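User: Hi! I am new to protein structures and would like to learn how to read one. Could you walk me through this example?

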Amino acid sequence: MSLESILIIFVASVVELWLAIPLGFVMKVNPVLIATVSAAGAILSAALVTIVGDNLRNRLLKWKYGDEKSLKKSRLYKIWNRYGPVGLGLLSPLLFGAPLGAAVGIALGAEKERLLLWMSIGIVLWSIGLTIAGVMGLLAIENMV
């Protein structure tokens, strides 16, 4: 385990959590370190998207919906009204990644601080869960061999 391995995991998690965790196992990094570094990278990417969110929101709205009125008629907006930042924050790191989840939340008009809080909670939970699943999978493979 080296500093290079940790940096690679961090950079990979900025892009996608699903990429970073298996990469950590391939490089034989301690699972606690994998979960910690992966979560930190994904939180950084969500925070960066959230910080530049207003500009991103305006562009995304114009590109996808044309205006705010069309957005409010969409299925995505109806789901947003039901589950809000909590649901998005807990599910998006697993379903479509932290950066895209943050962009969707900002596009739907989420309050930045609340969105980032729930995104961070979701990222930490999924980092721990996916790392535990990886450890259990590797143990199962070792026992079979």
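**Reading helices and their neighbours**

Analyst: Gladly! Let us begin with a meeting of two helices: Ala98, Gly101, Ala102, Gly105 and Ile106 in α7 meet Lys112, Leu115, Met119 and Ile123 in α8. Please keep in mind that this is a predicted model.

User: How do I describe the way two helices pack?

Analyst: In general, two packed helices are described by the angle between their axes and the distance between the axes. Here, helix α7 (residues 98-107) and helix α8 (residues 112-144) pack at about 155 degrees, and their axes are 11 Å apart. Angles over 145 degrees count as roughly antiparallel, so α7 and α8 are roughly antiparallel to each other. The crossing of α7 past α8 is right-handed.

User: Which residues does leucine 115 touch, if I skip those up to four places away in sequence?

Analyst: Leucine 115, which lies in helix α8, touches Pro85, Leu88, Ala102, Gly105, Ile106 and Ala110. Because its relative accessibility is 0%, leucine 115 counts as buried. Residues far along the chain can also be compared by their C-alpha atoms: those of leucine 115 and glycine 87 are 9.9 Å apart, with their positions 28 residues apart along the chain.

User: What is the angle between α1 and α3?

Analyst: The axes of α1 and α3 cross at roughly 40 degrees and come within 7 Å. That angle makes α1 oblique to α3. On the α1 side, the contact is made by Ile6, Ile9, Phe10, Ser13 and Val14. On the α3 side, the residues include Leu33, Ile34, Val37, Gly41 and Ser45. The crossing of α1 and α3 is right-handed.

User: Is serine 5 buried or exposed?

Analyst: Serine 5 sits in helix α1 (residues 3-15). With a relative accessibility of 11%, serine 5 counts as buried. Beyond its neighbours within four places in sequence, serine 5 is in contact with Met27 and Val29.

User: How can I check the length of a helix such as α3?

Analyst: Compare an expected span with the model. Helix α3 (residues 31-51) has 21 residues, and at 1.5 Å a residue they should span 30 Å; the end C-alpha atoms are 30 Å apart, which agrees. At the start of α3, a side-chain oxygen of asparagine 30 comes to within 2.8 Å of the backbone nitrogen of valine 32.

User: Which residues of α3 are buried?

Analyst: First, the general idea: an α-helix has 3.6 residues a turn, so residues three or four places apart point the same way. In α3 the buried residues include Ile34, Val37, Ser38, Gly41, Ala42, Ser45 and Val49.

User: What is special about the phi of lysine 28?

Analyst: Most residues other than glycine have a negative phi. Lysine 28 has a positive value, near 60 degrees, and is a residue other than glycine. Lysine 28 is found in the loop between α2 (17-26) and α3. Its relative accessible area is 70%, so lysine 28 is exposed.

User: How many helices and strands are there in the protein?

Analyst: The protein has eight helices and zero strands, so to read it from the N terminus on you would write α-α-α-α-α-α-α-α. Of its 145 residues, 39% count as buried. Among contacts with a separation of 6 or more, 73% come from residues 24 or more positions apart.

Definitions and conventions:
Residues are numbered from 1 along each chain as its sequence is written. This is a predicted model: local features need pLDDT of at least 70, side-chain atom pairs count only at pLDDT 80 or more; totals for chains, interfaces and linings use all residues. Side-chain values use heavy atoms; hydrogens and water are left out. Helices (H or I, at least four residues) and strands (E, at least two) are DSSP runs, numbered from the N terminus. Buried means under 20% relative accessible area, exposed over 50%, partly exposed in between (1.4 Å probe, protein chains only). Contact means heavy atoms within 4.5 Å. The expected span of a helix is 1.5 Å times one less than its number of residues. A polar contact is a pair of N or O atoms within 3.5 Å; within protein, one must be able to donate a hydrogen and the other to accept it, and residues adjacent in sequence count only if both atoms are side-chain atoms. Axes are lines fitted to C-alpha atoms, for helices over the stretch in contact, and angles run from 0 to 180 degrees between N-to-C directions. Angles under 35 degrees count as roughly parallel, over 145 as roughly antiparallel, 65 to 115 as roughly perpendicular and the rest as oblique. A crossing is left-handed if the near helix is turned anticlockwise from the far one by less than a right angle, and right-handed if clockwise.
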